[in-house]
Amino acid sequence: MTGNRSILSNFRHFNRGYVSFGSDSKGGSITRQGTVCNERMSIDKVNYVKEFDFNLMSVSQVCDQKHWMLFTDKECFVLSPGLSIPPPESILLTAQRKENLYVLDMNEVTPSGSVSCFLLKASVDEPDLWHRRLSHVNIKTINKLVKNNLVRGLPDKEFQLEDHCIACLKGKQHKSSHKPKTLNTNDTPLQLLHMDLFGPTNVMSLGKKSYCLVITDDYTRFSWVYFLRTKDETAEILKSYILRVENQSNQKVKIISAPRTPQQNGVAERRNITLIESARSMLADSKLPLAFWAEAVSTAYVQNRVLIVIPLNKTPYELWFQRVPYIGFLKPFGCPCTILITHGVLPKFGAKSDEGYFVGYSSQSKAYRVFNSRTIIVEESANVECREHIVCEQGKSPNWLFDIDSFSQIFEPLTFSNMESTSTQTPASTSSTDYRLDFPKSSISLRRPSIDPPSVVEAIEASEAGTRLSNVTSIILSETENLNEDSSVNAVDADDAIAENIDVANDVEDSSTINEETPDQNQSNLEQGIQLEVEELLQFKRHDVWKLVDLPPGKYAIGTRWVFRNKQDERGIVVKNKARLVAQGYTQEEGIDYDEVFTPVARLEAIRIFLAYAASKNFTVYQMDIKSAFLYGKIGEEVYVKQPPCFIDPEHPTQVFKLCLHQAPRAWYETLSGYLLSNNFRRGAIDQTLFIKDEGGEILLVQIYVDDIIFGSTRKQLCKDFEILMHSKFEMSSMGEQNFFLGLQVKQVPNGIFISQSKYVKIILERFKMVDCSAARTPMQVHHQLTPDKDGQDTDQHQYRAMIGSLMYLTASRPDIIFAVCLCARFQAAPKISHLQAVKRIFRYLKGASRLGLWYSKNDKFNLYAYTDNDYGGCNLDKKSTSGGCQFLGGRLISWQCKKQTCVSISTAEVEYIAASSCCAQVIWIQNQMLDYGMTFMANPIHIDNMSAISITNNPVQHSKTKHIDIRYHFIRDQAEKKMIILTKVHTNEQYADLFTKPFDEARFRYLVESIGMMNFD
């Protein structure tokens, strides 16, 4: 091909082609053909392209004229025909001609290996760019697409990444593979130790152990077994173990198997299986109860002597101790036996031995471990006679305590469905032999002995005259010295005395002693209780709560009793003990003995509004507690109660006290509100528990929740004046900066207020045995499949409801879990295992985010706005949608909702419209609430991501497609016309209410949690 017409001869027309150039996208057409020749050769059929600036020669055309082509690193030669072909050993590659192209088939050249094409290597940036474009697909896959020509648009180049993709490592990295060892490279003991810890088990051992630590030496396969109450005992056990085995073998421990790597810990895993299967078999054969599982697992003593280490053809015992083991003394596990009595003085004609069961071998001496049926303890003795040939039969052994099916669950983590069964007390045996093993807890009733009433009256009078309370208590305790002399106390009526139950623990595996409280401890507890009782009675007398009168005809007296409680701080430390004298109010009938009993209480949203307002005005919030607040209330009804136990007037033993009882909360509210209103406070029009005082442009806010009060002011002097005002009327028990209110932990720092419930999270994790669970990143899986699951396995309904109730209370400061909790709450009627697993995932999420809470920053922003969204047809039960919404005051989240709609919607616009109406109602309530603060809000935006719902709201015309919507949902139209709210379109990515309608992956979930103002405060 050429563009130079002068070098062509035999020029002729030829219009059959078009050529494109790299530098010119237009190219040119082939218009002529000719011949190029010189003195020695000629080339025919040379195409003429006018636009072409170069001369190109085709190798195939030269070869068609029987010429040869030779290429070197500097020149190209055209040779005359007739040359001989070089010898085969000098030919490296051969390319066959196909039409005008010479094709080199690399598969024929190297058929046994993988062949890469001769491709241009991509630039440095291209592989990374295409790797990201193709969703981080493997580079090998990209090269296969190029080689096999499977896609179009991908450059024909070889792609290679210069370094690892960090994003791929974060998203795809896996654990390293561990290939099995074909040969044991360890030739001495203690070079490598394999260890594994399993538990907690469903059934505790006789020694109250729940965990088992198994250690195996890699070379000898010798195993050691240790039993633990808790995991934290592992470190001390390992220290003593390593010290002992190093001294015993004169070797040093070099390597311990890596933690949390079961692929590298196969020896310990297999040894665990061997021990558990052996224990299961022996318990099934002996028919001993499940509590003997630790004794059965201890058969590692036997397995060290009988198992064979295949490569060495020796037992672990021989490899460790360098001698052949003797096994002639071994006995069948659980066989009946007799134990010679070697301690104490035997009766003249009494039995010399006790009956029992063989349960193992002593690790400290040459003795057997046996369970004594008479003393109900495990003891070690060498004077044992075993009846090895006697097989346990029905009625001749404690098989009524053994369940082989449930034993297979011992080595699984604790589940809520079987917690009650493991703690159930075992009934007493009807056989002559005593097989009791699961001992019921003993209850020792400590009853207050009869106290001379005049001494008590004198004590109270002496206390009022100035005598110290400790001296008053000593007067009462002087009457109770005989309590420690005789521990056997007769039971009395519950209305006349207080009983304290003490659990007596029996540790059969470790010792045979019974732990009881000492007499000194009993007297100390009794002394502290009496101090609190006397203090409570002094409060009654100081406030003239009651009056001793004769019981009028036709009236009856209500019984009383003492209730003891303690108050704990956020760390679980007891900060205060309380004693309260309460009446048996359940004997009163509504409408006869009382009418209204409840007092107005503040909503949690009102508490959060109070704190948000304090953050915007940058003032400190204080709290105070009224001591014995209910004693200040007065009512008109006649209520009579019996005299308190052990405090009966000796001169009038038949008289009763007239006082106010059941209506105490309501009466206390009336007393407190009347006092505040008389001191220039005004009561909130919407919130009846909010009291406001305006003075010189400053404001004092007081929020009441029964007897707990929080208050704050824009001027600190008003707080001091309020403190003096309350002290003048009521007795205060505590006061200071707010830090713990209604279960909410409030942390006030210079730049904001943090609200959390980390203490409560810890409590419920301990309550439901989820402290040791693995943490989850989100409270619910993205693609959950929660359905009624009618064919699923049932779970404990009471336990399930208790877990849901605990989580519902936690949503007071944790909006991040409200959707998952509400979804699981729909299955409380008939919970299944699948539902329980979903609830447990919420607890696992709380384990990893226990300190998450709401953050209210201190700034002057205080604008009201809201978000609302829905999950169209998201309920798998009835295809109803879920509405979600949240409201903010200056970027501070104060309210949130998640609720399933009551009707099935036929369009997303209808669903969004209903959800927006519910959110509007909450916004209107907040607007009215803020009127008590002296702030007026109008035209507050409600962000929604559906334009159709906005159009329905703004269009008052009743269309055919909206006439079926319930009239109560059109409430939002009226508010929009009044300019109380404005619906604003927001992009779906910025719709924060999504958090309350559906689950998300970790990235989206964390973004929404941070967007609504939640943070981890440390």
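## Cavities

Three cavities of 30 Å³ or more are counted in this predicted model. The largest has a volume of about 90 Å³. The second largest holds about 50 Å³ of space.

## The largest cavity

The lining of the largest cavity includes T778, P779 and M780. D816, F819 and A820 also line this cavity. L995, K998, P999, F1000 and F1005 belong to the lining too. By class, the lining of the largest cavity has eight nonpolar residues, one polar residue and two charged residues. T778 is the polar one, because Thr is not among the types that count as nonpolar or charged. The charged pair is D816 and K998, because Asp and Lys count as charged.

## The second largest cavity

Which residues line the second largest cavity? They are H784, F819, L823, R826, D871, G874, C875 and T882. F819 is on the lining list of the largest cavity and on that of the second largest cavity.

The classes here are three nonpolar, three polar and two charged residues. The nonpolar residues are F819, L823 and C875, because Phe, Leu and Cys count as nonpolar. R826 and D871 carry the charged label, because Arg and Asp count as charged.

## The second largest pocket

The second largest pocket has a volume of about 1500 Å³. Its lining has 45 residues. Y301, Y361, S362, S363 and Q364 lie nearest the pocket centre. Several elements give two or more residues to this lining. The helices are α6 (234–249), α9 (300–306) and α10 (316–321). The strands are β13 (223–228), β16 and β17 (368–372). Y301 falls in α9 (300–306).

How do the lining residues of this pocket divide by class, and how many are charged? There are 24 nonpolar, 10 polar and 11 charged residues.

## The five-stranded sheet

β16 and β17 help line the second largest pocket, and both are strands of an open sheet of five. The strand order is β18-β17-β16-β15-β19, with antiparallel pairing. β18 (377–381) and β19 (384–386) are the edge strands, each pairing on one side only. On average, neighbouring strands of this sheet are turned by 40° against each other, direction ignored.

## The β15–β16 pairing

Within the sheet order, β15 sits between β16 and β19. Strand β15 covers residues 336–340, and β16 covers residues 353–361. The two strands run antiparallel. Five bridges join them. Where does L340 find its bridge partner in β16? The partner is S353. At the other end of β16 is Y361, one of the residues nearest the centre of the second largest pocket.

Terms used:
Residues numbered from 1 in each chain as written. Predicted model: local features only at pLDDT ≥ 70, side-chain atom pairs only at ≥ 80, totals over all residues. Heavy atoms only, no water. Pairing = 2+ DSSP bridges. Helix = DSSP H or I, 4+ residues; strand = E, 2+ residues; numbered from the N terminus. Axes fitted to C-alpha atoms, helices over the stretch in contact; angles between N-to-C directions. 1 Å grid on protein atoms, 1.4 Å probe; cavity = no way out; pocket = protein on both sides within 12 Å on 5 of 7 lines; lining within 4 Å. Points joined across faces, edges and corners; volume = space filled by probe spheres on them.
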